[in-house]
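Trainee: I have a new model open and would like to talk it through with you. Could we take it step by step?
Mentor: Gladly! Let's bring it up and begin.

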Amino acid sequence: MKSRKSNTQQKNFLLLNYFKPSIYLRSFKKVNLASLKNSGIKVILCDLDNTLIGWNQRVPNADIMNFIKSVKDNGFEFVLFSNNVRSRVQNFAKKAGIENYFWDCKKPLLGKMKVLKKILPFENNEMILIGDQLVTDILVANRAHIKSILVSPISKINDDSKLVRFFEKFLYKRLSQKNILQEGFYTEGELGGNYDIL
Ligand SMILES: [Mg+2]
């Protein structure tokens, strides 16, 4: 009886690892591109809402434009990978000069990720996904066996269902209890995170 209980605990602990990001940063502005490059990353997938812009914003600001420019200047492929509808994702992509974008990705499901991997035939260890949500972005990255960067959401306001918000909150609590992730304790320094260990 005792060992059965500890087996269940072990299993729950392993499941929690599916929500563990490779890197945790305050914002996309803290991403250290040189370091990612050193780690062999060639493709950067990025969530849209509350990762690059607030849920109620539409236009990319100077920070986003600078980020996308330096991503390209550093030779990365940049892919917008959003759960939102086509019109919003396409409109943003065009304004920001992003050629590769996927809408209606249904993260954490793997369907669009498989399509993307066919179009951009890179190895899993050459891809990383940036996003603000554990239940969608980090889970889909781990399920697809690619690295991930968790960022804090730009705005607390979003259109998530109550259930998603509840689950997200629950996960932060459990991850903190297991010392896997502490909300607000970022893995970054003055120049952004150093990810050579990726
Ligand atoms: Mg998001």
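Trainee: In what order do the six strands form the open sheet?
Mentor: Keep in mind that this is a predicted model. The pairing of the six strands is parallel, and the sheet they form is open. Going across, the order is E1-E6-E5-E2-E3-E4.

Trainee: Which strands stand at the edges, and why is one side of each left without a neighbour?
Mentor: A strand at the edge has a single partner strand, so one of its sides is left without a neighbour in the sheet. From one strand to the next, the twist averages 20°. The two edge strands are E1 (23-25) and E4 (100-102).

Trainee: Which residue in E5 does Val43 stand opposite?
Mentor: Strand E2 covers residues 43-46 and strand E5 covers residues 127-131. The two run parallel and are joined by four bridges. In E5, the residue opposite Val43 is Met127.

Trainee: Thanks! What pattern does the protein chain follow along the sequence?
Mentor: The chain's secondary structure comes to seven helices and six strands. Read along the sequence, these give α-β-α-β-α-β-α-β-α-β-α-β-α.

Trainee: Why are the buried residues of helix H4 on the same side of the helix?
Mentor: In H4 (residues 86-96), the buried residues are Val89, Phe92, Ala93 and Ala96. They are on the same side of H4 because the arc they cover around the axis is only 100°.

Trainee: Which residues are exposed on the other side of H4, and what do the buried ones pack against?
Mentor: On that other side, Arg86, Ser87, Asn91 and Lys94 are exposed. The buried residues of H4 pack against helix H3 (62-73), strand E3 (77-81) and E4.

Trainee: Which residue follows H4, and what is its phi?
Mentor: Look just past the end of the helix, where H4 is followed by Gly97. The phi of Gly97 is positive, near 70°.

Trainee: Is Lys114 buried or exposed?
Mentor: Lys114 is found in helix H5 (residues 111-119). A residue counts as exposed if 12 or fewer other C-beta atoms lie within 10 Å of its own. Lys114 has 10 within that distance, so Lys114 is exposed.

Trainee: What distance separates the C-alpha atoms of Lys114 and Ala144?
Mentor: Along the chain, Lys114 and Ala144 are 30 residues apart. In space, their C-alpha atoms are separated by 8.5 Å.

Trainee: Lastly, what share of the protein chain do buried residues make up?
Mentor: The chain has 198 residues. Of these, buried residues make up 34%.

How values were computed
Residues numbered from 1 in each chain as written. Predicted model: local features only at pLDDT ≥ 70, side-chain atom pairs only at ≥ 80, totals over all residues. Pairing = 2+ DSSP bridges. Axes fitted to C-alpha atoms, helices over the stretch in contact; angles between N-to-C directions. Buried ≥ 20, exposed ≤ 12 C-beta atoms within 10 Å, placed from the backbone. Arc of directions from axis to C-beta. Contact = placed C-beta atoms within 7 Å.
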